[in-house]
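Here's a quick briefing to read with the model open beside you. It starts with one residue and works outwards from there.

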Amino acid sequence: MTSTLQKQSNSTAVLTISIPHDDLAPYLEQATQEINREVRIAGFRPGKAPRDILEREVGAMRIYQHAAEKVVAATYPQAVVEHNLQTIGTPEVSVEKLAPGNELVYTATVALVPQIKLGSYHKVREAHKEVTVTDEEIDTTITRLRRMFGAEQPVDRPLQSGDVAEIDLEVFRDNVPIEGGSGKKQRVVIGEGNFIPGFEDELVGAKKGETKEFTLTFPKQYHAKHLAGQPATFRVTVQSVAEVTLPPLDDAWAKTVGRFETLAALREQIKKNITEEKTEKEQQRWELAIIDQLINQTTFDPIPEILISNELDRMLHELEHDVSHQGMKFDDYLQSIKKDRAGLRTELTPRAERRVKTALILRALAVAEKITVEESELTAAVEKEQQGVADQPDTLKQLQSPEYRDYLRTILRNRKVFDYFRERNRA
């Protein structure tokens with residue numbers, strides 16, 4: 001292997017890496033075996049077809065392309081070490097020369113770790129807020145559980161708090177129906193707050209067969225990001241009204257909910273669940289507050305554009321996944337917010353920059369405080385992840401990849417950095 005380095009700026013460099021054809025042999029052999037196991041060829045058991053037969057079936061270039069991925073994974077880190085580069089993020093790889101009988105040549109455009117000057121991070125303090133659970137919160141959860149076990153009786157009167165309604169629902173933005181925003185005979189418990197704020201209040205007083213139309217704004221933190229903070233018109237037709245008779249609030253009922261001998265035991269478990277949820281939210285708030293202080297006192301050299309671009313790619317992928325999960329096509333979502341992909345990238349750029357700055361700070365802090373992750377810790381974490389997906393071969397394979405180990409190593413290291421600040425807060 002030979003490699004050359006060309007620095008484009010203080011923050012970006014291009015590695016050109018060449019591998020002689022003879023050195024490709026083990027990678028080609030591995031690629032051949034893997035493709036052989038995946039492709040069914042008449043007359044041969046999986047993985048047993050001779051290479052010349054396999055090449056005629058799938059083409060030699062498919063084998064070379066598969067081998068090239070393995071070559072890059074093996075040789076790129078060597079080139080980084082050879083040129084003593086401090087890189088960050090995923091390189092942009094471009095295969096320049098790949099053909100049977102020839103050497104493999106590829107380039108890797110890499111982001112170099114920009115210099116940052118940490119401020120007085122030793123002085124950063126942020127107190128954890130005390131997590132408390134009130135009896136009222138427990139009572140609210142208990143009431144919801146009782147409603148699930150309650151007896152419903154149709155009534156001929158206007159809807160009131162505590163009733164259950166079946167509704168037909170249509171949601172519009174700018175007089176255009178929202179994809180996935182309509183439904184028939186949807187169940188609504190008036191007063192439980194399962195819909196956006198104000199929705200259930202609008203239904204109070206409506207009768208069976210009545211249609212109501214009203215405008216509400218989705219919360220800014222709404223789980224469907226394409227609707228968050230957006231106004232919409234709701235058209236609701238009440239199909240039925242039922243009164244709910246709740247079961248007695250006693251030990252006998254608690255036993256029907258789960259493995260609880262008493263109502264007190266049920267309440268204690270509910271308190272524990274709410275405490276865990278609030279503790280997690282408080283931890284997220286605390287970490288963001290720490291990061292805010294660190295960003296404000298850190299000086300950054302110019303950040304490589306490739307880092308911002310890669311982070312934007314990840315953010316758009318996350319958003320597209322969320323939109324798809326809500327049953328909406330991403331192009332329709334873009335149309336609903338009156339933006340194209342380029343405009344959305346521009347809007348998300350400040351958040352992407354913040355994410356990148358956060359990653360740089362956590363990395364620099366780990367170096368400054370000599371915070372590392374031992375291989376035994378990493379292995380234990382991977383094994384724990386694998387336990388939950390033992391019946392999912394594809395996921396197991398992903399968890400065993402070097403890329404995932406690197407990702408998990410970063411997660412564990414960052415946790416230790418936050419542990420550092422947690423300990424200093426206690427001092």
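Valine 323 touches His226, Met328, Lys329, Phe330 and Tyr333, once its neighbours within four places in sequence are set aside. This is a predicted model, and in it valine 323 sits in helix α8, which covers residues 305-325. Its relative accessibility is just 1%, so it counts as buried, the cut-off being under 20%.

**Around helix α8 and its neighbours**

- The C-alpha atoms of valine 323 and threonine 233 are 20 Å apart, with their positions 90 residues apart along the chain.
- Tyr333, one of the contacts of valine 323, also turns up on the contact list of lysine 225.
- Lysine 225 belongs to the loop that runs between β10 (211-217) and β11 (231-245).
- Besides Tyr333, lysine 225 touches Leu319 and Asp322, again leaving out residues up to four places away in sequence.
- In sequence, lysine 225 and tyrosine 333 are 108 residues apart, yet their C-alpha atoms are 9.6 Å apart in space.
- Lysine 225 has a relative accessibility of 43%, so it goes down as partly exposed, between the 20% and 50% cut-offs.

**Arginine 345 in helix α10**

- Arginine 345 is part of helix α10, residues 341-368.
- What does arginine 345 touch beyond its neighbours within four places in sequence? Its contacts are Ser309, Leu312, Asp313 and Leu316.
- The C-alpha atoms of arginine 345 and methionine 315 are separated by 9.0 Å, and the two residues are 30 apart along the chain.
- With a relative accessible area of 24%, arginine 345 is partly exposed.

**Two strand residues, β2 and β3**

- Threonine 12 is in strand β2 (residues 12-19), and it is buried at 11% relative accessible area.
- Not counting residues up to four places away in sequence, threonine 12 is in contact with Lys7, Thr109, Val110, Leu112 and Pro304.
- Valine 93 is in strand β3 (residues 87-97), and at 38% relative accessibility it is partly exposed.
- With the same sequence neighbours left out, the contacts of valine 93 are Val72, Tyr106, Thr107 and Ala108.
- For a long span, take valine 93 and alanine 165: they are 72 residues apart along the chain, and their C-alpha atoms are separated by 57 Å.

**Positive phi angles**

- Most residues other than glycine have a negative phi.
- Asparagine 84 has a positive phi, near 55°.
- Asparagine 84 lies in the loop between α3 (60-82) and β3, and its relative accessible area of 65% makes it exposed.
- Lysine 185 has a positive phi too, near 50°.
- Where does lysine 185 lie? Its place is in strand β9 (residues 183-189), and it is exposed, with a relative accessible area of 57%.

**The chain as a whole**

- The protein chain has 13 helices and 12 strands.
- Why call it more spread out than a compact globule? The radius of gyration is 29 Å, whereas the globule rule gives 22 Å for 427 residues, so the chain is well over that value.
- Its C-alpha trace spans about 85 × 65 × 50 Å along the principal axes.
- Of the 427 residues, 37% are buried.
- Among contacts with a separation of 6 or more, 68% are between residues 24 or more positions apart.
- The chain exposes about 25,500 Å², and carbon and sulfur atoms supply 48% of that area.
- On charge, there are 58 positive and 68 negative side chains, and the centres of the two sets lie 2 Å apart.

**How confident is the predictor?**

- Mean pLDDT for the protein chain is 89, and 98% of its residues reach 70 or more.
- Which of the elements has the lowest mean pLDDT, and which the highest? Helix α2 (residues 51-58) is the lowest at 74, and helix α7 (residues 263-296) is the highest at 96.

Conventions
Residues are numbered from 1 along each chain as its sequence is written. This is a predicted model: local features need pLDDT of at least 70, side-chain atom pairs count only at pLDDT 80 or more; totals for chains, interfaces and linings use all residues. Side-chain values use heavy atoms; hydrogens and water are left out. Helices (H or I, at least four residues) and strands (E, at least two) are DSSP runs, numbered from the N terminus. The radius of gyration is taken over C-alpha atoms; the globule rule is 2.2 Å times the number of residues to the power 0.38. Buried means under 20% relative accessible area, exposed over 50%, partly exposed in between (1.4 Å probe, protein chains only). Contact means heavy atoms within 4.5 Å. Accessible areas come from the Shrake-Rupley method with a 1.4 Å probe; for residues, only the protein chains shown count as cover. Lys and Arg count as positive and Asp and Glu as negative; His and the chain ends are not counted. The place of a charge is taken as NZ of Lys, CZ of Arg, CG of Asp or CD of Glu. pLDDT is the predictor's confidence in each residue, from 0 to 100.
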